[in-house]
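Dear colleague,

Please find below the structure I am handing over to you, with its sequence. My findings follow directly after it.

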Amino acid sequence: MTKSLFLFLVFFTFCLSVFGQKQDSVKTAISVQKSAEKMDAIQDTVKKEETRKERRRREKAEKEAKEEAENALKDSARLAIEHKSTVAWKRSLMVPGWGQYSNGGLWWIKVPVIYGGFVSTGLVIEFNHRYYKRVIKELDFRQKSGGTDKLDPEMLNQSTDGLIRIKDGYRRNRDLAILGTLGWYGLNVVEAYVDSMLKNRWSIGDAKRFTYRFSPTVLSGNGQYAFQPYLLKPHFGVKMTLQFK
């Protein structure tokens, strides 16, 4: 009886182990199949988004959604101020002086100064280019005539080597004036941008936050100027006092 019971328990344990292994195998196979299906789905999705056109469209939509989320946190007044602070330099980039006019303030002084600078550099460019062409013409004439004849009466006393140096000087001045014109144009844009930022985005405080006054004072002599006796005597002066509120 005991032997039969022992054999039954051994057989029962063997059956349970076999059944458990089958269950684990089934579960493993199912999980592997699900993982494979999931990877296939991801690969299909990636393949669908791999096209350049769709990727650009998706990135553009994400960027627009991000901007809308950021703008939703800002009030209309702040958005108007930010727009106003960026529109000035863009206008000056298109038409010099337009941004200064948009900023207001002393635009009626800034705009004539801007165009006065352009006129000045334009005159310098025209002057140097005109005489550069005259010197070139004179050098060409002398080269064709073998150096015996001279064409321009104003250059009769100039040698050929001297005319070459003068030509190079006119060309250098003309090129520098062109660069100065471009720099003046860029300065016009920078000024419009800085002025708009100071007025609309940054707070530089109230000018009435401090007061000043002038009062007479007496300056005592300084001993280090002993070799000049008149500096040893006290002097009258004016003192300015600043008081911040």
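I begin with a single residue, Ile-109, which is found in helix α5. Please bear in mind throughout that this is a predicted model. Is Ile-109 buried, partly exposed or exposed? Its relative accessible area is 38%, and because the partly exposed class lies between 20% and 50%, Ile-109 counts as partly exposed.

Ile-109 also belongs to a nonpolar patch on the surface. The other members are Met-94, Val-95, Trp-98, Tyr-101, Leu-106, Trp-107, Trp-108, Val-113 and Tyr-115, and together the patch residues have about 1000 Å² of accessible area. Two elements, α4 and α5, each give two or more residues to this patch. Helix α5 supplies the largest share, namely five residues.

Helix α5 itself covers residues 107–145. With 39 residues at 1.5 Å a residue, this helix should span 57 Å, and the distance of 57 Å between its end C-alpha atoms therefore agrees with the expectation. After α5 comes Gly-146, which has a positive phi, near 80°.

The helix also has a buried side. Its buried residues are Val-111, Ile-114, Gly-117, Phe-118, Thr-121, Asn-128, Tyr-131, Tyr-132, Val-135, Glu-138, Leu-139 and Arg-142. In an α-helix there are 3.6 residues a turn, so residues three or four places apart point the same way. The buried residues of α5 pack against α4 (98–103) and α6 (160–200).

Several of these residues recur in the largest nonpolar core, which has seven members: Tyr-131, Tyr-132, Val-135, Leu-139, Met-155, Leu-163 and Tyr-170. The elements that contribute two or more residues to this core are α5 and α6, and the largest share, four residues, comes from α5. Within the core, Leu-139 may merit your attention. Leaving aside residues up to four places away in sequence, Leu-139 touches Thr-160, Leu-163, Ile-164 and Lys-167.

Turning to the chain overall, its secondary structure consists of six helices and two strands. Read from the N terminus, the order of elements is α-α-α-α-α-α-β-β. The protein chain has 245 residues, of which 16% count as buried. It exposes about 19600 Å², with carbon and sulfur atoms supplying 62% of that area. Among contacts with a separation of 6 or more, 54% are between residues 24 or more positions apart.

With kind regards

Conventions. Residues numbered from 1 in each chain as written. Predicted model: local features only at pLDDT ≥ 70, side-chain atom pairs only at ≥ 80, totals over all residues. Heavy atoms only, no water. Buried < 20%, exposed > 50% of the residue type's maximum accessible area, 1.4 Å probe, protein only. Contact = heavy atoms within 4.5 Å. Areas by Shrake-Rupley, 256 points an atom, 1.4 Å probe, with all protein chains shown as cover. Expected span 1.5 Å × (residues − 1). Patch = residues over 30% accessible without salt bridge, like charges linked within 9 Å, V, L, I, M, F, W, Y side chains within 5 Å. Salt bridge = Lys/Arg side-chain N within 4 Å of Asp/Glu carboxyl O. Core = buried A, V, L, I, M, F, W, Y, C linked by side-chain atoms within 4.5 Å.
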